[in-house]
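Morning, everyone. Please look at the screen for a moment before I start talking.

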Amino acid sequence: EPYPRAVTLRIDGDTLAGCGRPLRGADGTDAYWRLVALDGAAVSGGAAGGGAGARTPHLRLVPGESAAVGRVVGHTGCNRLTGGYARTGEALRLGAIATTRAACRDSALGAQERALVAALGATDRMAILGDTLRLHAGERVV
């Protein structure tokens with residue numbers, strides 16, 4: 001398996017050089033992140049009341065050629081979502097989020113979908129706490 005990144009390890013004055021790759025999901029990418037709260041409120045799952053094709057709201061940050069850029073994919077509960085992202089450390093900016101346009105039969109789930117897309121657009125930072133991904137817009141956890 002090719003390892004595209006150069007790696008330098010310094011231990012007790014010794015320097016070792018080699019190659020490597022990021023651990024899958026260790027930096028928040030390529031992990032399945034299920035939406036559990038939005039602006040501090042618990043969220044509705046897509047399976048109940050969302051109509052045909054309803055799914056659990058979630059997202060994944062899929063890395064591109066560089067760890068700093070990639071695309072975000074997921075589901076709002078009613079519709080699939082996709083867009084781009086740029087990342088430097090904890091700083092995270094999501095590009096325009098596009099969604100499919102299936103009708104959402106549950107008006108509350110439709111409102112949640114709109115709030116989720118708005119929250120993703122406002123995101124400027126991320127933090128991983130244990131198995132939880134927190135997205136921030138300024139000091140506010142979205």
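I will start with the whole chain, then walk through three places in it.

First, the ground rules. This is a predicted model, so local features need pLDDT of at least 70 and side-chain atom pairs count only at pLDDT 80 or more, while totals for chains, interfaces and linings use all residues. Residues are numbered from 1 along each chain as its sequence is written, and side-chain values use heavy atoms, with hydrogens and water left out.

Now the overview. The protein has 1 helix and 13 strands. Helices (H or I, at least four residues) and strands (E, at least two) are DSSP runs, numbered from the N terminus. In sequence order the pattern reads β-β-β-β-β-β-β-β-β-β-α-β-β-β. Of the 142 residues, 32% are buried. Buried means under 20% relative accessible area, exposed means over 50%, and partly exposed is in between, with a 1.4 Å probe and protein chains only. The accessible surface is about 8500 Å², and carbon and sulfur atoms hold 53% of that. Those areas come from the Shrake-Rupley method with a 1.4 Å probe; for residues, only the protein chains shown count as cover. Next, contacts, meaning heavy atoms within 4.5 Å. Among contacts with a separation of 6 or more, 39% join residues 24 or more positions apart.

First stop: the start of the chain. Strand β1 covers residues 5-11. Strand β2, residues 14-20, pairs with β1 in the antiparallel sense over 7 bridges. Strands pair if DSSP finds at least two bridges between them. Thr8 has Ala17 in β2 as its bridge partner. The two strands form a hairpin with 2 residues between them, and Asp12 in the turn has a positive phi of about 45°. Next to Thr8 in the numbering is Leu9, also in β1. Is Leu9 buried or exposed? Neither: Leu9 counts as partly exposed because its relative accessibility is 41%. Leu9, Ile11 and Leu16 make a nonpolar surface patch of about 270 Å². Patches take residues with over 30% relative accessible area and no salt bridge; like charges are joined within 9 Å, and nonpolar side chains (Val, Leu, Ile, Met, Phe, Trp, Tyr) within 5 Å. A salt bridge is a side-chain nitrogen of Lys or Arg within 4 Å of a carboxyl oxygen of Asp or Glu.

Second stop: His58, in strand β6, residues 58-63. His58 counts as buried because its relative accessibility is 10%. Leaving out residues up to four places away in sequence, His58 touches Tyr32, Trp33, Arg34, Leu35, Val73, Gly74 and His75. A polar atom of its side chain lies 2.8 Å from the backbone oxygen of Thr56.

Third stop: β8 and β9. Strand β8, residues 80-88, pairs with β9 in the antiparallel sense over 4 bridges. Ala86 stands opposite Arg93 in β9. Their hairpin has 2 residues between the strands, and Gly89 takes a positive phi near 60°. Side chains alternate along β9, residues 91-94: Leu92 and Leu94 point to one face and are buried, while Ala91 and Arg93 point to the other and are not.

Last, Asp124, in the loop between α1 (107-122) and β11 (125-129). What does Asp124 touch, residues up to four places away in sequence aside? Glu90, Ala91, Leu92, Arg93, His136, Ala137 and Gly138. Its side chain reaches the backbone nitrogen of Gly138 at 3.0 Å.

Terms used. A polar contact is a pair of N or O atoms within 3.5 Å; within protein, one must be able to donate a hydrogen and the other to accept it, and residues adjacent in sequence count only if both atoms are side-chain atoms.
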